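Let's work through a structure together, asking at each step how a label is earned. Here it is.

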Amino acid sequence: MYPIFSFETVDSTNRIGWELALQGVAHGSAVKADRQTSGRGRLDRSWHSPAQKGLYCSIVIRPQVLAREYPKITLVAGLSVATALDKICGCKISLKWPNDIFLGGRKLGGILTEAFPIANDKGAAFAVVGIGVNINSRKEDFPLELVDRVTSVFLEIGREHNIHDVFKEIRKVFLGDISRFEHGQFPEILAEWQRRDMLNGKMVTWMKQSGEVICGRCLGPDSDGLLSIMDDLGNYQMVISGDVLLHVEETGF
Ligand code: BTN
């Protein structure tokens, strides 16, 4: 059995997962909370985490892969969350590179992977994979500035779900997918990811770290998990990080 560290309130399950990982908890251990007071998102954003409305968990993994493979973990986790939610909620989840979970054209959840990929004298390599999914939230549970861009399983499906059941399914699928990843099956995982890719073939804008803005057609993640865009001049651009935005005319709202 994989351990679960359950809390009513924490600052961030990822922070606690990181500490536990440094203390040596086993692969597959998870931290789960009813509520977070400082939930963290990607790119230094915060993750709104009201009590018992969403799934807030972090899973510690110690994958038997090389350090250079670690950036693919977020894509693996995104696919696992999508597969589990499809099964348990009967919905059709889309993915937006690199870490967004979408339903009905709005953001439903996200993944925050924090990694310590190289074993050293401080301990063995690990990654903490944080998963946030809006499950039973109503519109009034979201801050006003987010309400038009986010959704929950309840808002899309019209019925509540047991958050612990959702967690158990997600962890089961994720640990299975990590095992596939360790066995060299990233190409199959990527192909499944690409079938859910909401940006594929769409016109997008991406701002490089240098500040240069690239506009072009999104070609999806490549075999290294980096996003490929063909810019307006026909050049391939590889996106390593940052936000990729859909052109307004492509969003449909
Ligand atoms: C994102 O979309 O920017 C990623 C959001 C990740 C949120 C989850 S909630 C559980 C875990 N603990 C955190 O502090 N963040 C992640």
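Q: What makes a residue count as part of the group that surrounds the ligand in this predicted model, and how many residues surround it?
A: A residue is counted if one of its heavy atoms lies within 4 Å of the ligand. In this model, 21 residues surround the ligand, and the closest are Ser12, Gln36, Arg40, Arg42 and Lys107.

Q: Why is the pair formed by serine 12 and the ligand called a polar contact?
A: A polar side-chain atom of serine 12 lies 2.7 Å from an oxygen atom of the ligand. The cut-off for a pair of N or O atoms is 3.5 Å, and 2.7 Å is within it, so the name fits.

Q: How do you know that glutamine 36 and arginine 42 make polar contacts with the ligand too?
A: Try the test on each one. For glutamine 36, an N or O atom in the side chain is 3.0 Å from a nitrogen atom of the ligand. For arginine 42, a backbone N or O atom lies 2.7 Å from an oxygen atom of the ligand. Both values are within 3.5 Å, so both pairs pass.

Q: How much of the ligand's accessible area does the protein cover?
A: On its own, the ligand has 420 Å² of accessible area, and the protein covers 98% of that.

Q: Which helix and strands each supply at least two residues of the shell around the ligand?
A: They are helix H1 (13-22), strand E3 (54-61), strand E6 (106-116) and strand E7 (126-134). The largest share, four residues, comes from E6.

Q: What makes some residues of this shell polar and others nonpolar or charged?
A: The class follows from the amino acid: Lys and Arg, for example, count as charged. Sorted this way, the shell has eleven polar, six nonpolar and four charged residues.

Q: How do you know that the ligand sits in a pocket, and which pocket is it?
A: A molecule sits in a pocket if more than half of its atoms lie within 2 Å of the pocket's grid points. The ligand meets this for the largest pocket, which holds about 1,200 Å³ of space.

Q: What lines the largest pocket?
A: Its lining has 47 residues, and Asp100, Phe102, Lys107, Arg149 and Val150 lie nearest its centre. E6 gives the largest share of this lining, five residues.

Q: Where is the cis peptide bond between tryptophan 97 and proline 98 placed, and what is its omega?
A: Omega is near -5 degrees for this cis bond, and proline 98 is in the loop between E4 and E5.

Technical notes
Residues numbered from 1 in each chain as written. Predicted model: local features only at pLDDT ≥ 70, side-chain atom pairs only at ≥ 80, totals over all residues. Heavy atoms only, no water. Polar contact = N/O pair within 3.5 Å; in protein donor to acceptor, adjacent residues only side chain to side chain. Areas by Shrake-Rupley, 256 points an atom, 1.4 Å probe, with all protein chains shown as cover. 1 Å grid on protein atoms, 1.4 Å probe; cavity = no way out; pocket = protein on both sides within 12 Å on 5 of 7 lines; lining within 4 Å. Points joined across faces, edges and corners; volume = space filled by probe spheres on them.
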